[in-house]
Amino acid sequence: MHVHDVCTPRCGSPLYMSPELCQGRPYDRGADIWALGCTIYQMMALREPWVDLVGGKGGMMGLYKLILSGTLDWGRVGARYSTELVALLTSFTERDASNRPALKVVLTTPFMQAASRPSEVAAHHTEDQYGSSRCRSRT
């Protein structure tokens, strides 16, 4: 690890803060992977992460406690997306930063390799009459 590999300042949206940031500990690229996981969760679930769990009660401390002890409900989005995708994204929000994958590793997973081949993507998508693409369910 190099001197520049670990940071300590806090910035950004609290909804995407990793557990290590909530605890005020130094962080590395694992915090970015966590934030990416939360961002993708929001796009897939069509709602912000943690908000429905913390509600209007608890404020920032309630949010921090939830991030430190709770988990995002990836199962809720699992019905709409492939098991492989949900498993990969679940790893982005592992509580222990050392268990979160590096992007280099993510890009070499069979799921991402298949998704990068146009013929594979086309085989799992269909277009409606307006040209909007959506994923076909797998059997």
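Let us start in the loop between H2 and helix H3 (51-54), where Leu46 is found. In this predicted model, Leu46 has a positive phi of about 60° although it is not a glycine. Is Leu46 buried or exposed? With a relative accessibility of 72%, Leu46 counts as exposed.

Trp50 lies in the loop between H2 and H3 as well. Trp50 also shows a positive phi, about 75° here, and again the residue is not a glycine. Its surroundings are another matter: Trp50 is buried, because its relative accessible area is 1% and the cut-off for burial is under 20%. Which residues does Trp50 touch, leaving aside those up to four places away in sequence? They are Leu15, Trp34, Cys38, Leu63, Leu66, Ile67, Gly70, Thr71 and Leu72.

From Trp50 we can step into the core. The largest nonpolar core has 28 residues, and Trp50 is among those with the most contacts inside it, together with Met44, Ile67, Leu72, Trp74, Leu89 and Phe92. Two or more residues each are given to this core by H1, helix H2 (29-45), helix H4 (59-69), helix H5 (74-78) and H6. Where does the largest share come from? H2 supplies it, with eight residues.

Now follow H2 to its contact with H6. A pair of packed helices is described by the angle between the axes and the distance separating them. For H2 and H6, the angle is about 135° and the axes are 7 Å apart. H2 is therefore oblique to H6. On the H2 side, the contact is made by Ile33, Trp34, Leu36, Gly37, Ile40 and Met44, while H6 brings Leu85, Leu89 and Phe92. By residue type, the contact of H2 with H6 divides into eight nonpolar, one polar and no charged.

It is worth staying with H6 for a moment. Which of its residues are buried? In H6 these are Leu85, Val86, Leu88, Leu89, Ser91 and Phe92. An α-helix has 3.6 residues a turn, so residues three or four places apart point the same way. The cover over the buried residues of H6 includes H2, H5, H7 and helix H8 (110-115). Leu89 and Phe92 thread through this part of the story: they are buried in H6, they take part in the contact with H2, and they are among the residues with the most contacts inside the largest nonpolar core.

Next, a look at charge. Side chains of opposite charge can pair when their charged atoms come close. How many salt bridges does the structure hold? It holds one, formed by Arg100 with Glu20, whose closest N and O atoms are 2.8 Å apart. This pair links distant parts of the chain, 80 residues apart: Arg100 sits in the loop between helix H6 (83-92) and helix H7 (103-107), and Glu20 belongs to helix H1 (residues 19-22). Both Arg100 and Glu20 are buried.

Finally, step back to take in the whole chain. The protein has nine helices and two strands, and from the N terminus on, the elements run α-α-α-α-α-α-α-α-α-β-β. Of its 139 residues, 32% count as buried. Among contacts between residues at least 6 apart in sequence, 47% join residues at least 24 apart.

Conventions: Residues are numbered from 1 along each chain as its sequence is written. This is a predicted model: local features need pLDDT of at least 70, side-chain atom pairs count only at pLDDT 80 or more; totals for chains, interfaces and linings use all residues. Side-chain values use heavy atoms; hydrogens and water are left out. A salt bridge is a side-chain nitrogen of Lys or Arg within 4 Å of a carboxyl oxygen of Asp or Glu. Helices (H or I, at least four residues) and strands (E, at least two) are DSSP runs, numbered from the N terminus. Buried means under 20% relative accessible area, exposed over 50%, partly exposed in between (1.4 Å probe, protein chains only). A nonpolar core is a set of buried Ala, Val, Leu, Ile, Met, Phe, Trp, Tyr and Cys residues joined through side-chain atoms within 4.5 Å. Contact means heavy atoms within 4.5 Å. Axes are lines fitted to C-alpha atoms, for helices over the stretch in contact, and angles run from 0 to 180 degrees between N-to-C directions. Angles under 35 degrees count as roughly parallel, over 145 as roughly antiparallel, 65 to 115 as roughly perpendicular and the rest as oblique. Ala, Val, Leu, Ile, Met, Phe, Trp, Tyr, Cys and Pro count as nonpolar, Asp, Glu, Lys and Arg as charged, and the others, Gly among them, as polar.
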